[in-house]
Amino acid sequence: MRASSISYASLTARGLVPNRWDLVAFPLVIGLLLLASEGARQTLAPLSTLKEPVVSLDPINLPEYALRTTLRMLAAMAASLFFTFTYATLAAKSRRVELVLIPILDILQSVPVLGYISFTVVFFMSLFPGRIAGAEAAVIFAIFTAQAWNMAFSFYQSLRTAPRDLEEAARSFRFSAWQRFWRLEVPFAMPGLIWNMMMSMSGSWFFIVASEAITVGDTTITLPGIGAYLAKATEEKNLAAIGWVILTMIIVILLYDQLMFRPLVAWADKFRFEQTGAQIAPNSWFLELLERSRLMGTVGRPAAVTLRILARQRFAPLRVRRIGRPEAPSTILDPVWFLAVAAAAIFAAWKVVAFVASGVSGSEVLSVFKLGLLTLTRVVVLIAIASLIWVPVGVNVGLRPRLAEKIQPLAQFLAAFPANLLFPVFVVGIVSFHLNPDIWLSPLIILGTQWYILFNVIAGTTAYPTDFREAATNFQMRGWQWWRSVILPGIFPYFVTGAITAAGGAWNATIVAEVVSWGNTKVTAQGLGAYIADNTAAGNYPKIVLGIAIMSLFVTLFNRLLWRPLYHYAEDRLRLD
Amino acid sequence: MVALDTLSEATLRAPILTLRGINRAFPKGSGEIKVLADVDLSLYAGEIVGLLGRSGSGKSTLLRIIAGLIRPSSGQVIYRDEPITGPAEGIAMVFQTFALFPWLTVLQNVEAGLEAIGVSPKESRRRALSAIDLIGLDGFESAYPRELSGGMRQRVGFARALVVEPTILLLDEPFSALDVLTAETIRTDLLDLWIEHRLPTKSMLLVTHNIEEAVFMCDRILIFTSNPGRVSDEIEVLFPHPRNRLDPAFRQLVDEIYAKMTARPSAGAAEHPQKLHLASWLPIVSPNMMAGLIETVAAAPYHGKADLPEIARNLQLEVDDLFPVAEMLQNLGFAEVKEGDIRLSADARNFAELDPQPRKTMFAQHLLTSVPLAQHIRHVLDERPGHRAPRVRFEQELEDYLSDSAAEETLDAVIDWGRYGEIFAYDDQAEMFSLENPEG
């Protein structure tokens, strides 16, 4: 059912991004991150050591840890929403700003999430010296970076594609900008935004588990939560505790699905723009309960009324909004603006290069690049293997509606489940069977994200028009011909959406999956992810910057040269509607 | 033609809205593309004025200029003694696509316009309910637009516009997305309210491409030509309401307007009425439609000559559906269109009798002799060693003279005809013309 909104994933602006602006955006992003971390480190280091909170492996603590982890997640989501509403609105309303902000967003999206935490942890710790709040802020920021970018893209895209007639109606009834935002733009963006929030949330369980216990040089973060519990259990080789944490996570994800997202999706159904009735309206027992309960009515109404009153304020005088004559855009301001942006980019690039050069030799750059190729190979091979397995499975499941109904939630659940909870189990296996880590650690990077391929393919097959299938049966198409000319083109757009998400997740996972430990045993695979992880632990900043810059470069190029063309091809040629 | 010597009472008073020398153009290539040229118009209290024209005549653009949604390139709209520079108080619009907010209920949609101008919640509730009552929507207050039929949705559109008590109501083809029966019901309901002076509105401006609708509703009709849009004729309609569509005088006026609109089919062609040039805009008209019209006119009871309004009525087609087909037949030398009549050429009468393949051959001959763009494409393909040429090559040539969308449309039209006539092949995926299997 949730998969029926899968098409909203296509709202991410992968297609509409101007290219040469990447040259500007790339140094700007890396440079800004560098400045943030360096500024803080130089003025405030060395940090006073934190009084480390004690994490206990007693399962009785798990509910509390789970609650804390979830609260961090929600705090990050609130920050992401705020970011989405401001950043995307700014980008959509001004052409000049848009030319810079959107490529930046694209690059931000390709920086590995755990890279952000290595960059910024020192900065946040220095904001709250000696207190736990700094560590909390750093983790919440890391989760924010796992959630915000695709939400902002989705919202930006909605703002750009708001229906013209509604926009004209809003203008001719003289809505103020504020009123238009809440009456037209936000409601129109809502279904896509909620779908992306959902994807963001399920993606970020992985990162919160990874970032609650992380060491950057001499700064160690340990925050009471699921991730810290897992880290401690791994350190103490406690398999029973790992069992407990897995169980807890399963319950948490089920609760979050039932209590938060199902109600949200059911509620957001009224914002669907299509004027036709829904085939199946999504429903949620929890939402119905809330709507019917008198208590919620009395508690909720004042809040609702306040929001409504707020949304209908003009916050601007009622006067004629002048509109421009249809002349060409300013010829003086543009060059000035472009020059300023280019200068900032060159400055940032110079800063980054100078900083990296201070700690890294030229030959190392080359070897890091080779590590990148190694990791790239890993990602490509694993996506291919996962596709070979899950496409046929997904199609076969999708063709059986009753089975699909049962499997689809399971696939979505597996996609949300943080796969790093299972890593220790693999390490135990690799160590006891003396397997080659370069090969056998690789599956970990796709362990959590392969499910995106599965549930997108199921969704695509379920949405495949019955009359096409009937026609194929009628003309007796079967076997390979059936796959090649009937079903594969039909599900291709869905497959590409799933594979893009899976590949993005895989790149991110390499930082955690190429170095895994179990007690004192550390298993390392060669690759860019391991390089970043090792240098993060050692606190070697020039090398962290180099590693992350190269990974971002790989991800960006991968997106440009492979996924985007495929996505366009799917959009243009293979859409069934 | 209706006599113009008796000025209606309304016109004696000062206009409530005046348009002076409105132009709208887009800079394009070396020159510019004109959408509207030198439009003057005065709107008086108590009248319904129709802007009648084909698509591409800029009439919707003109309506948006009056609504303050877009600015003219030059010229002024004077309303309440001041030029309009943005959406003005007292001017409300009803949209062809209804433009209702799908996430708001009927009541909330109607209230939205009042909220925007800061009317208190209590007052806006009262006014919205009375507008809903007036327009016949009681009982639907809490429904969402997607639960309503098209007709009910457009009633919400009317209620939403009327609730702000506009002096001028702009109607942008409000009935064209509705089925015939529903459209007629709402038209009649609106006219009843108008005649009984139950509307807060002083004047209505109706954009339409439906001639009968214009004659049925309007007191004055301005006929627009296309490319660029300009006013070619002004006709007063003096029949009292309610009007009877079967009244011979009514029918005669409809026929006259048909004749006027076919007399000068499109501008640019005004000097050479029957000749296309390389960059003429071409409408997308499928070969099936052309063949269908030829067959209809060739058969009994028309036997090669027919009255366009009559055909339109019998086939349930509107101006926008029928005119381009008739005109293309004329351009291709299959017919002559004059004063509302269509007369088939000898070739066309032959065509009606032919089998599919000879039909294609004949169509190809006519296409190559009458449509310079088709000729040009074929010529380029013949000249090139590989007999291939990318679409973009021709699109760029056209874009020097036409807007981007018009260039695209024109090329799509020629591709469709060229494929039917098999004078070239086209690969949509590669966007490439070729001579791969031109003759079969």
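In the predicted model, domain 1 of chain B meets domain 2 of chain B through 17 residues on the domain 1 side and 14 residues on the domain 2 side. Strand S1 (17-28) and helix H7 (248-263) of chain B are the elements that each supply two or more residues to the domain 1 side of this contact. H7(B) provides the largest share, with seven residues. By class, the domain 1 side that touches domain 2 of chain B comprises eight nonpolar, six polar and three charged residues.

The two domains of chain B span residues 9-263 for domain 1 and residues 287-434 for domain 2. A distance of 34 Å separates the C-alpha centres of domain 1 and domain 2 of chain B.

In chain A, helix packing was examined for H2 and H3. Helix H2 (residues 62-93) of chain A packs against helix H3 (residues 95-110) of chain A at an angle of about 135 degrees. The axes of H2(A) and H3(A) are 6 Å apart. Angles over 145 degrees would count as roughly antiparallel, and 65 to 115 as roughly perpendicular. H2(A) and H3(A) are therefore oblique to each other. On H2(A), the contact is formed by Tyr87(A), Leu90(A), Ala91(A) and Ala92(A). H3(A) contributes Val97(A), Glu98(A), Leu101(A) and Ile102(A). Seven nonpolar residues and one charged residue make up the contact of H2(A) with H3(A), with no polar residues.

Technical notes:
Residues numbered from 1 in each chain as written. Chains lettered and ligands numbered in written order. Predicted model: local features only at pLDDT ≥ 70, side-chain atom pairs only at ≥ 80, totals over all residues. Axes fitted to C-alpha atoms, helices over the stretch in contact; angles between N-to-C directions. Helix = DSSP H or I, 4+ residues; strand = E, 2+ residues; numbered from the N terminus. Parallel < 35°, antiparallel > 145°, perpendicular 65-115°, else oblique. Contact = placed C-beta atoms within 7 Å. Nonpolar A, V, L, I, M, F, W, Y, C, P; charged D, E, K, R; others polar. Domains from an automatic or database assignment.
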